[in-house]
Amino acid sequence: MESTTITRTADLDAVLNPCLEAYQSHGLNQLIVEVNKGLLQTKIKFPLLEKAAHRLYRTLEHHHQLDFCQHLADLQSIGGNVLIGILLQNRSENDPGESIGKAAEYIAQGAQWYVSDIIGERVVGYNLLANPDITLTLLSQYGQHPSKWVVRSLGAGSHYAIKKGLPADYATKVFQFLITLAQAKDHHIKTGIGWAAKTSARYHPEMVLGHQQTIENKQLVGQWFRTKVRIGLGRRHYDQTH
């Protein structure tokens with residue numbers, strides 16, 4: 001295909017099918033070469049990359065999947081993070097803890113905000129919706145991670161899950177976790193956690209207001225967190241009046 005832009009499923013298939021055939025004929029290393037050339041060096045929207053990732057997951061041998069993800073992480077392409085996120089999302093059905101752990105590894109390696117957000121939404125966010133109990137336990141663990149990018153990803157994932165309809169009882173537990181990071185000083189952690197705090201206030205204002213005493217405690221909560229909550233409550237008011 002001469003075009004360097006993929007905008008339709010038919011265009012995607014024209015590039016992806018040879019990649020899958022290369023894997024079946026020549027193995028994982030050739031798949032990496034073809035995916036890098038055909039998908040990652042091409043303009044393509046994220047929903048189509050996600051569609052490609054689901055097909056890759058169905059085609060790849062189980063023992064090749066994480067090796068493939070590591071190769072994608074090493075290539076350091078934006079689109080590769082979408083593929084990683086969806087591959088780990090699919091693997092979450094059998095072992096959500098492993099998927100979140102590998103996501104943390106790739107996020108720490110990538111050391112960029114977009115790696116954190118892209119993978120965080122698709123792995124942490126997805127698992128909060130699909131496997132909330134185990135994921136909530138892991139939030140506390142990874143909230144202490146030495147990589148600021150991993151901690152930021154927990155905010156991105158929490159934002160995604162709440163926006164996509166995380167039930168109120170779980171949203172409350174997520175917000176309580178966010179408060180534990182409400183004194184963070186790092187810009188990127190504040191960005192991710194603040195994003196989730198704002199979304200919490202927008203979609204669950206009564207729950208957030210129920211934590212008002214804690215939110216107003218300047219010994220526990222930074223001004224930046226209170227500001228994000230206030231913005232979220234304002235968005236909720238706007239949603240209801242327009």
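Where do Glu34 and Lys37 lie, and how many residues apart are they? I looked this up in a model that is predicted, and I found that both residues lie in helix α2, 3 residues apart, which is about one turn of the helix.

**Entry 1, helix α2.** I noted that the side chains of Glu34 and Lys37 meet in a salt bridge, at 3.6 Å from N to O. I then checked accessibility: Glu34 counts as buried because its relative accessible area is 18%, under the cut-off of 20%, whereas Lys37 counts as exposed because its value of 54% is over 50%. Helix α2 covers residues 28-40, and its buried residues include Leu31, Ile32, Val35 and Leu39. I followed the buried residues of α2 outward and saw that they pack against several elements, among them β1 (5-6), α1 (9-26) and α3 (46-59).

**Entry 2, salt bridges that reach helix α7.** The structure holds 9 salt bridges, and I looked at two more of them. The side chains of Glu50 and Arg122 meet at 2.8 Å, N to O, and this pair links distant parts of the chain, with Glu50 in helix α3 and Arg122 in helix α7, 72 residues apart. Arg122 is buried at 12% relative accessible area, while Glu50 is partly exposed at 23%. I also found Arg152 in a salt bridge with Asp117, with the closest N and O atoms 2.8 Å apart; here helix α9 (residues 148-163) is joined to helix α7 across 35 residues of chain, and both partners are buried.

**Entry 3, Glu121.** Which side chain of opposite charge is nearest to Glu121? I found that it is Arg122, 4.4 Å away, and that Glu121 is buried yet has no salt bridge. The distance explains this, because a salt bridge needs a nitrogen and a carboxyl oxygen within 4 Å. Glu121 is found in helix α7 (residues 113-130), and, leaving aside residues up to four places away in sequence, Glu121 touches Tyr126, Ala156, Gly157, His159, Tyr160 and Trp195.

**Entry 4, helices α11 and α14.** I then turned to helix α11 (residues 187-203) and helix α14 (residues 223-241), whose axes come within 7 Å and cross at roughly 35 degrees. Their crossing is right-handed. The residues that meet include Ile193 and Ala197 in α11, and Phe225 and Val229 in α14. By class, I recorded 9 nonpolar, 2 polar and 7 charged residues in this contact.

**Entry 5, a loop residue.** Last, I located Ala111 in the loop between α6 (96-110) and α7, where Ala111 is partly exposed at 29% relative accessible area.

Definitions and conventions
Residues are numbered from 1 along each chain as its sequence is written. This is a predicted model: local features need pLDDT of at least 70, side-chain atom pairs count only at pLDDT 80 or more; totals for chains, interfaces and linings use all residues. Side-chain values use heavy atoms; hydrogens and water are left out. Buried means under 20% relative accessible area, exposed over 50%, partly exposed in between (1.4 Å probe, protein chains only). Lys and Arg count as positive and Asp and Glu as negative; His and the chain ends are not counted. Contact means heavy atoms within 4.5 Å. Axes are lines fitted to C-alpha atoms, for helices over the stretch in contact, and angles run from 0 to 180 degrees between N-to-C directions. A crossing is left-handed if the near helix is turned anticlockwise from the far one by less than a right angle, and right-handed if clockwise. Ala, Val, Leu, Ile, Met, Phe, Trp, Tyr, Cys and Pro count as nonpolar, Asp, Glu, Lys and Arg as charged, and the others, Gly among them, as polar.
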